[in-house]
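Please walk through the structure shown below, beginning with its charged side chains and ending with the packing of two of its helices.

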Amino acid sequence: MAWIERGLLNRLNKQNPRQFGWLRNAAGASPGIFWKLLLFFPLAGHRRAASRALITMARLGALRAQDCGDCLQVAVDYALKDGIPADHIQAALRNANSLPPGERLALDYGQAVAGSWPDLAARVDAVRREFGEAVLAELAFAVATASLFPLAKRGLGVAAACDLDAIRV
């Protein structure tokens, strides 16, 4: 593993060993994974048409459906850094009915896509009607990219099931 790669991974691991230690181990086992993952981040962070709140809610919904508590905690931490109100994040985790309607739609959409809900087509249509094609596309990729980490962790045998009471907002 190159020194710069090791330094970046060590910095992430220092921020939170429980949430990022697995990535350092995977990159050490298969050199090059981390650099290729860096190329993935621009797609994961793409946002032009959708508001930060809608992207966040779609990601939170996807991560709840993927059932990875550590990944959900990372998403909550980033949402707070992005200025999403803590009460909106709390609502997304515990009482979605109290969210503004658009955020609730994005949260449910994220869960429906990642969880393959039977009414997914209706939810896609609802997002398309409410926000348009550009926002739908951005929400779709927010959900898809958010799902990478829980799936990778599950494949490595290090995923931790979601305990909503343990998530700190």
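A salt bridge is taken here as a side-chain nitrogen of Lys or Arg lying within 4 Å of a carboxyl oxygen of Asp or Glu. In this predicted model, the structure holds 6 salt bridges by that criterion.

One of them joins the side chains of D70 and K153, with an N to O distance of 3.6 Å. Because D70 belongs to helix α5 (residues 69-81) and K153 to helix α10, this pair ties together parts of the chain that are 83 residues apart in sequence. D70 counts as buried, at 7% relative accessibility, and K153 is buried too, with a relative accessible area of 1%.

Other salt bridges stay within a single helix. In helix α7, R104 and D108 are 4 residues apart, about one turn of the helix, and their side chains meet at 2.9 Å, N to O. R104 is partly exposed, its relative accessible area being 26%, whereas D108 counts as buried at 11% relative accessibility. The pair also takes part in a wider arrangement, since R104, D108, D119 and R123 are linked in a network of salt bridges.

Helix α8 offers a further case, in which R128 and D125 lie 3 residues apart, again about one turn of the helix, and form a salt bridge of 3.2 Å, N to O. Here R128 is partly exposed, with a relative accessible area of 34%, and D125 is likewise partly exposed, at 36%.

R128 leads on to the packing of its helix, for it is also among the residues through which α8 touches α9. How do these two helices, α8 (residues 120-131) and α9 (residues 133-146), pack? Their axes are 7 Å apart and make an angle of about 135°; angles over 145 degrees would count as roughly antiparallel and those from 65 to 115 as roughly perpendicular, and α8 and α9 are therefore oblique to each other. On the α8 side the contact is made by V124, V127, R128 and F131, which meet E133, V135, L136 and L139 of α9. By class, this contact has 6 nonpolar and 2 charged residues, with no polar ones.

Helix α9 itself has 14 residues and reaches 20 Å from its first C-alpha to its last, close to the 20 Å expected at 1.5 Å a residue. Its buried residues are V135, L136, E138, L139, A142, V143, T145 and A146. What covers these buried residues includes α8, together with α3 (33-44), α4 (52-66), α7 (101-115) and α10 (148-156).

Technical notes:
Residues numbered from 1 in each chain as written. Predicted model: local features only at pLDDT ≥ 70, side-chain atom pairs only at ≥ 80, totals over all residues. Heavy atoms only, no water. Axes fitted to C-alpha atoms, helices over the stretch in contact; angles between N-to-C directions. Parallel < 35°, antiparallel > 145°, perpendicular 65-115°, else oblique. Contact = heavy atoms within 4.5 Å. Nonpolar A, V, L, I, M, F, W, Y, C, P; charged D, E, K, R; others polar. Expected span 1.5 Å × (residues − 1). Buried < 20%, exposed > 50% of the residue type's maximum accessible area, 1.4 Å probe, protein only.
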